[in-house]
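Q: I have a structure in front of me and would like to learn how to read it. Could you walk me through it?

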Amino acid sequence: MQIANGIYQLSGHMNGLNSNTFVIDTEEGLVLIDTGYRPYYLDAQKKVLSFWGLENKKIIAVFLTHAHFDHAGNAHFYEEQGIPVYVGEKDRDALKSGGDRVMESIFGSRFTTLKNPVPVKDGQEFAFGGETSAVKMKVIDLSGHTAGAVGFLVDKDGKRILFIGDMFMISGASPSDEMELEIGYTGSVDYDAAANLASFKKLAECGMDIDVVAVGHRGVFYGDCKELFEKLYNLALETIAPQE
Ligand SMILES: [Zn+2]
């Protein structure tokens, strides 16, 4: 599914799989956001890549929104091919150690650890492709869901797409045609409620014009992101604000 010009959902909700993987087609090569976590995710991704005529294009980088198994479980597959795997600096150790921090027991199999994931931090910028067609990407610290959870804000062809990981989920449409918002999983061993709330506040106050929010599970959001982030912050205040 194409979510913006040259940006595709490769696997996830749209082909019946749990977590979403996205790909950005740049002049330099393909950039992946998250990887999925079973070999059959890779098969599903291959099919979608060839559907869009991208199967022979080189994958040049993998960016992980966080270290959880369902987003990072296939990352080793890319590292083994010499492709750099980027992750928020505070989630880096989790990729190297596996275990509880990647939710190994919940997913019921061993996480194949990474040798040398590349840490990224808040505000760090990347650019891919030629001068006129450059795709820009900025890292935004959105910790809380995990210690090192990050979002990636991508500028491509005049549109801004925010890859958000598991901070929240969007589903619908309900019979009333209203979207249903849900705060992402709050059970990680390194979950931090105060940090999570601060991340929701940050989005609500960011004032950025964002065209598409690409979430780690379920649907992709098009619409008024300022209104969305305000609703989410209110929901976060009601449901996850640390109790005195
Ligand atoms: Zn997660």
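A: Gladly! Keep in mind that this is a predicted model. Let us begin in the middle of a sheet: β5 and strand β6 (residues 85-88) run parallel and are joined by 2 bridges. Across that pairing, Phe63 stands opposite Tyr86 in β6.

Q: How many bridges join strand β4 to strand β5, and do they run parallel or antiparallel?

A: The general idea comes in handy here. Strands of a sheet pair through backbone hydrogen bonds, either parallel or antiparallel. In this case, β4 (residues 30-33) and β5 (residues 59-63) run parallel, with 4 bridges between them. The path of the chain from β4 to β5 goes through helix α1 (residues 39-51), giving a β-α-β crossover that is right-handed. You can find individual partners too: Leu30 has Ile59 as its bridge partner in β5, and Ile33 has Phe63.

Q: Which strand is joined to β4 in an antiparallel way?

A: That is β3 (residues 21-25), joined to β4 by 4 bridges. Look for Phe22, which stands opposite Ile33 in β4. The two strands β3 and β4 form a hairpin, with 4 residues between them. In the turn you will meet Gly29, whose phi is positive, about 150 degrees.

Q: Which way do the residues of β4 point, and are they buried or exposed?

A: Follow the side chains along the strand. Leu30 and Leu32 point one way from β4, while Val31 and Ile33 point the other way. All of them are buried.

Q: What is the order of the strands in the open sheet of 6 strands?

A: Reading across the sheet, the order is β8-β9-β10-β11-β14-β15, with mixed pairing. β8 (125-128) and β15 (221-222) are at the edges; each has a single partner strand, so one side of each has no neighbour in the sheet. At one of those edges, β14 and β15 run antiparallel and are joined by 2 bridges. There, Val213 stands opposite Phe221 in β15.

Q: Now the helices. Which residues of α7 are buried, and where do they fall around the helix?

A: Here is the general idea. An α-helix has 3.6 residues a turn, so residues three or four places apart point the same way. Now for the case: in α7, the buried residues are Cys225, Phe229, Leu232 and Ala236. Looking down the axis of α7, you find its buried residues within an arc of 60 degrees, so they line one face of the helix. The face turned away from that buried side carries Glu227 and Glu238, which are exposed.

Q: What covers the buried residues of α7?

A: The cover includes β12 (168-171), β13 (180-183), α6 (193-205) and β14 (212-215). As for its length, α7 (residues 225-239) has 15 residues and reaches 20 Å from its first C-alpha to its last, close to the 21 Å expected at 1.5 Å a residue.

Q: What span should α6 have, and how far apart are its end C-alpha atoms?

A: At 1.5 Å a residue, its 13 residues should span 18 Å, and the end C-alpha atoms of α6 are 18 Å apart, which agrees. Asn196, Ser199, Phe200 and Leu203 are buried in α6. Seen down the axis of α6, these buried residues fall within an arc of 95 degrees, so they too line one face of their helix. They pack against α7. The face of α6 turned away from the buried side carries the exposed residues Ala194 and Glu205. Just after α6, watch for Gly207, with a positive phi of about 65 degrees.

Q: Stepping back, how many helices and strands are in the chain?

A: The chain has 7 helices and 15 strands. Its C-alpha atoms fill a box of roughly 50 × 40 × 35 Å along the principal axes.

Q: What radius of gyration would a compact globule with 244 residues have, and what does the chain have?

A: A compact globule with 244 residues would have a radius of gyration near 18 Å, and the chain has 17 Å, which agrees. Of those 244 residues, 42% count as buried. Finally, take the contacts with a separation of 6 or more: residues 24 or more positions apart account for 62% of them.

Note on methods: Residues are numbered from 1 along each chain as its sequence is written. This is a predicted model: local features need pLDDT of at least 70, side-chain atom pairs count only at pLDDT 80 or more; totals for chains, interfaces and linings use all residues. Two strands pair if DSSP finds at least two bridges between them. A crossover is right-handed if, with the strands pointing away from the viewer, the path from the first strand over the helix to the second runs clockwise. The expected span of a helix is 1.5 Å times one less than its number of residues. A residue is buried if 20 or more other C-beta atoms lie within 10 Å of its own, exposed if 12 or fewer, and partly exposed in between; C-beta atoms are placed from the backbone. The arc is that of the directions from the helix axis to the C-beta atoms. Two residues are in contact if their C-beta atoms, placed from the backbone, lie within 7 Å. The radius of gyration is taken over C-alpha atoms; the globule rule is 2.2 Å times the number of residues to the power 0.38.
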